[in-house]
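Reader: Please take a close look at one sheet of this model, strand by strand. After that, I should like to read about helix packing and the pairing of charged side chains.

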Amino acid sequence: MSLEPGLSQQTISVVQEQTKSKKSFNVDLQTDAMLQVDISDALSERDKVKFTVHTKSTLPNFKQNEFSVVRQHEEFIWLHDSFVENEEYAGYIIPPAPPRPDFDASREKLQKLGEGEGSMTKEEFTKMKQELEAEYLAIFKKTVAMHEVFLCRVAAHPVLRKDLNFHVFLEYNQDLSVRGKNKKEKLEDFFKNVVKSADGVLVAGVKDVDDFFEHEKTFLLEYHNRVKDASAKSDRMIRSHKNAADDINRIASSLYTLGTQDSTDLCKYEQMLSLNLTWSCLHKIEARIAADEDLKLADLLKYYLRESQAAKDLLYRRSRALVDYENANKALDKARAKNRDVLQAETSQQLCCHKFEKISESAKQELIDFKTRRVAAFRKNLVELAELELKHAKGNLQLLQGCLGILKGNT
Amino acid sequence: MTHTAGTFLFSLFFLCLASSVEYVESSQPASLAAEDISTNSNGPKQDSLFDDDPEDLFAEATEEVSLDSPERDVLLSDGPSPAITPITPPTSVITPLAKYTKCIFFPVIEEEEGGDSFDIHISVSDPEKVGEYMTSISLFKRNEFAVKRRFSDFLGLHSKLASKYLHIGYIVPPAPEKSIVGMTKVKVGKEDQSSNEFVEKRRSALERYLMRTVKHPILLKDPDVLQFLESSELPRAVSTQALSSAGLLRMVNKAADAVNKMTIKMNESDAWFEEKQQHFENLDVQLRKLHTSVESLVCHRKELSVNTAQFAKSAAMLGNSEDHTALSRALSQLAEVEEKIDQLHQDQANADFYLFSELLGDYVRLLTAVKGVFDHRMKTWQKWQDSQMLLQKKREAEAKLQFTNKPDKLQQAKDEIKELEGKVQQGERDFEQISKTIRKEVSRFEKERVKDFKTIIIKYLESLVQTQQQLIKYWEAFLPEAKAIS
C-alpha cells in the first residue's frame, strides 16, 4: 500500500519513540542530569572569540562520556538557525541566539588611550589602562556567559537536547565549516524578516478561540515592548554611571598629583594622600556598582527581551499554523463543493490540523515554562542586585567614615 | 571687653543665622531656605566660622538692631519688581529672582537668652581671629546690622581694594564675575531652573567673596570695607559696568600689563620667590584640571539622575504589565527605589557643585590674584632698577658737567641726583616691603587654602556619607520585597 511519505515517517518515529521510552523510564531522570554543557575556556583573538565547549554526558549516542570542542560564534548562530528552520520545533520557544561578541568599543578606547599616552602622567595612564582592561574582561566574561546560557537552555530542553545538529555541534571536533552569511544571504534574511513581520501583523489579527493563547498574545506584545524600553533606559542609566565613575577616577589622579606636589607640608601631603585613597576607592566602588547593575539588571532585561521575542515568534508560528489550518478547511470545503481534488485537500487539511494541534499543545507548556523561568530569573537577579547594592553602600560608608576620622583627627 | 566683643561680632551673625532658620516662613524661596538650613545643620554650637558666613543675603535690610521684631523677608532694591512675586506685604518682597543680591547682616534674634543678647555661648576656636578683631570692634558703630547692597557694589568694593592693596603685595580676593547672559535672564524675569540656579550661585559666590575679604586682617580694617559693611547708602559704583568705558580701560591696562610682564627680566636674588612662583604655576594647572573634572562630574551626575528617573518610570510600566503579582509588586518597588535614588543623585550633584566645584573656581581666580601680586613685585623691582639706572646716568652727566663751566646746570644736576637718590632708596624700600608682604601673604594664603580645602572636603565626604546611608535604607527596604517573589 502506498502510504503517504509523511505519514510513514511519523509512524517510524513514533515507533522509535516507543522503544526509546521503554528504556528511558529508568534512564530519563539520569539523562536529565547527564547532559551537562559548559564553556570551560575562551580565547579572544584579533577579531574572533574561540569558545571551548565542554560536554559531560552519558547519552549513548556520544562516543565518549566527556569531551571538548572549540567553537566560534558563527557556529552557535548556525545551530540556532537550524532550530528555527526546523519545522519539528515550531511548537517550542527556541532559546534566543547569543549576541555577537562586541569588543569594538573597548578596543577603540584602548587604542585612544595608547595614542594619548604622552599627554598624561604615568599614574593616570596605568590607572586608566587598568580600568579599560577590566572593562574588556567584563565584556569578555559576559559574552562567554551568554553563549553558555544558550547551550544550557538547549541541553535542558527535553526535545531540543536530542537534536542531531546539537550533538554534532557538541562532538564534532573539527571545524564545522560554517561560514558567516555573505551579503546575498544577509539580504535574503532581511527580506525574509520583512515578510515575516508583515505576515505577523496579518496573522495577529486572527482572533483565537483559546482564551489562554489570546491572553498570552496580548500580554507578550505589551510585555515585550516594555522590556525593550526598560532595557534601553537601564543601559543609559548605567552609561551615565560609568561616566561619573570615570570622572571620579580623573579627580582622584588629579588630587594625587596635587598631594605629591605639595610634599613640603607633610600634613597636607597626608591629607591629600588619604583623600586620594578615598577617591580611588570610591571610584572603584562606583565603577563596580555600575558593573553590577549592568550584569544584574541590564543583562536580565536584555535577555528577556530576546526571550520574549522568541515567545512571540512561537505564537506567531502557531497563529500561522491556525491560519493555514483555516485556509485548508476552506479549500477542503471548496474542493468538496466542486468535487475535485478532494483527497488532496483532505490530506493537506489533515496535515495542517495535525501541525496546528501539535504546536498548540507544546506551546502551552512552553509558555507556562517561560513564565516560571522568567519569574525565577527576575527574583534571583533582583535579590542579588539588592544584596550587592547594600554591600557596596555599606562598604562605601565604612570607607568614608574611616577617611573622615583621619581627616578630622589630623588637624 | 573688646576681646569678647570680637567673638560676638561673628559668632552673633552665626547664631542669629541659626535661629533665623527656624523662623523661615514657607513663603521663603525654597532654594534659599534649604541652603541656609543646610549650612547650619550642625547647630549653633559650632566653632568653625568658615562655612557659615555672617552675611546672609536674604534678610530684611535694617540698620537698627531690633530685638523685638525680627523681620526676615528679602527686599528688592529699586527697580521694577520681577514677574513672579509671592504674596507678601508690599514693602517686603521675597523672591529668588532678586535682581540685586543683598548683603545683609542679620539682626540678632536671640531666643535663648532673656535679656542680654550679647551673651553668646560660642567659643571661637581660632585665637587669631579674636585678636584681629580686637581693634576692629571699635571701628564698627554697632555690633550687628544689615545693609542692602547691589552686585555692582561688590565689584566696586573689589576694584577699590585692588587699586589700594594689590600693588603693595596684598592678595586681594577677586570678586565674582559678571555674567551678562545670566543677569539678562533674571532681569527679563524668566523663572526657571537655570535662573534660580544662577541667583543661588551668585549669592553663594558673593558670600564666599565677602568672607574671604573680611578674613584678611589688613583688608578688614580698610575704611572702604567698613563703609561697605556699615553704611546704609553707598555711592553707586559706576565704573564696574561691564561695557563701560572704565571697563574697557581696565581691559586695555590688563593687556598692557601682560605685554610688560614678558619684557621684564628680573634678577631673582631670592630663591624663595622663584620656587613659590613655580609652585603657584603648577598649582594653577592642577586646580584648573581638577575644576574641569569636577564640573564634568556634576554634569554627569545630573545626567545620571535624569536617566535614573526615566528608568524608574520604565520599570514601573514593566511592573504594570507583568502578570505575576509578586513580581509585579517587586518591580513597582524597584521603580520607587530608583526614583528615590534619582533624587539622591540630584542632591549629590548639587553638593558636588556647591561645595567642590565653586571652591575650585574661587581658588583658580585667587591664584590669578596671587600671580598678580608677584607681578607687582617685579614691577616694583623694575621701577627701582629704572630709577637706579637713571641715577647712574645723572651721575655720569654730573661728572661730565664738572668739567664744564656751568654752575647753575651743575647745581640743577646735583639737585636732581639728590632727588633720584631719594627715589632709589624709596624704590629699594618699596621692593623690600613688597617682598616681605608677599612672604606673609603667601604663607597666610597657603594656610587658608589648606584649611578651606580640608573643611570643604570634610563637608563633602559627610554629604557622601549621608547619601550612602540613604541608599542602605532604600535597598534594605526593597530586599524583602524581592525575596517575596515566589
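**The sheet and the helices**

Author: In chain A, three strands make up an open sheet of 3 strands in the order β1-β2-β3, with antiparallel pairing. Its edge strands are β1 (35-44) and β3 (66-72) of chain A, each of which pairs on one side only. The average turn between neighbouring strands of this sheet is 25 degrees, direction ignored. Strands here are DSSP E runs of at least two residues and helices H or I runs of at least four, numbered from the N terminus; pairing requires at least two DSSP bridges.

The model is predicted, so local features need pLDDT of at least 70 and side-chain atom pairs pLDDT 80 or more, whereas totals for chains, interfaces and linings use all residues. Residues are numbered from 1 along each chain, chains are lettered from A and ligands numbered from 1 as written, and side-chain values use heavy atoms without hydrogens or water.

The antiparallel strands β1(A) and β2(A), the latter covering residues 49-57, are joined by 9 bridges. Within that pairing, Asp38(A) has His54(A) in β2(A) as its bridge partner. On the other side, 7 bridges connect β2(A) with β3(A), and these two strands also run antiparallel. There, Lys56(A) is matched with Glu66(A) of β3(A) as its bridge partner.

The side chains of β3(A) alternate along the strand. Phe67(A), Val69(A) and Arg71(A) point to one face and are buried (under 20% relative accessible area; exposed is over 50%, partly exposed in between, 1.4 Å probe, protein chains only). Glu66(A), Ser68(A), Val70(A) and Gln72(A) point to the other face and are not buried. Arg71(A) also takes part in a salt bridge with Glu75(A), whose closest N and O atoms are 3.9 Å apart (a Lys or Arg side-chain nitrogen within 4 Å of an Asp or Glu carboxyl oxygen). Both Glu75(A) and Arg71(A) are buried.

Over all chains, the structure holds 33 salt bridges. In helix α9 of chain A, Lys380(A) and Glu384(A) lie 4 residues apart, about one turn of the helix. They form a salt bridge with the closest N and O atoms 3.9 Å apart. Glu384(A) is partly exposed, at a relative accessible area of 25%.

Helix α9 (residues 342-409) of chain A packs against helix α12 (residues 407-483) of chain B at an angle of about 155 degrees, their axes being 8 Å apart; axes are fitted to C-alpha atoms over the stretch in contact, with angles from 0 to 180 degrees between N-to-C directions. The two helices, α9(A) and α12(B), are therefore roughly antiparallel (over 145 degrees; under 35 is roughly parallel, 65 to 115 roughly perpendicular, the rest oblique).

Within chain B, α11(B) and α12(B) pack at an angle of about 170 degrees, with axes 9 Å apart. This angle makes α11(B) roughly antiparallel to α12(B). Between α11(B) and α12(B), Lys414(B) forms a salt bridge with Glu398(B), the closest N and O atoms being 3.5 Å apart. The pair links distant parts of the chain, with Lys414(B) in α12 and Glu398(B) in helix α11 (residues 325-403), 16 residues apart. Lys414(B) is partly exposed, with a relative accessible area of 36%, while Glu398(B), at 14% relative accessibility, counts as buried.

Finally, a network of salt bridges links Lys371(A), Arg374(A), Glu322(B) and Asp323(B).
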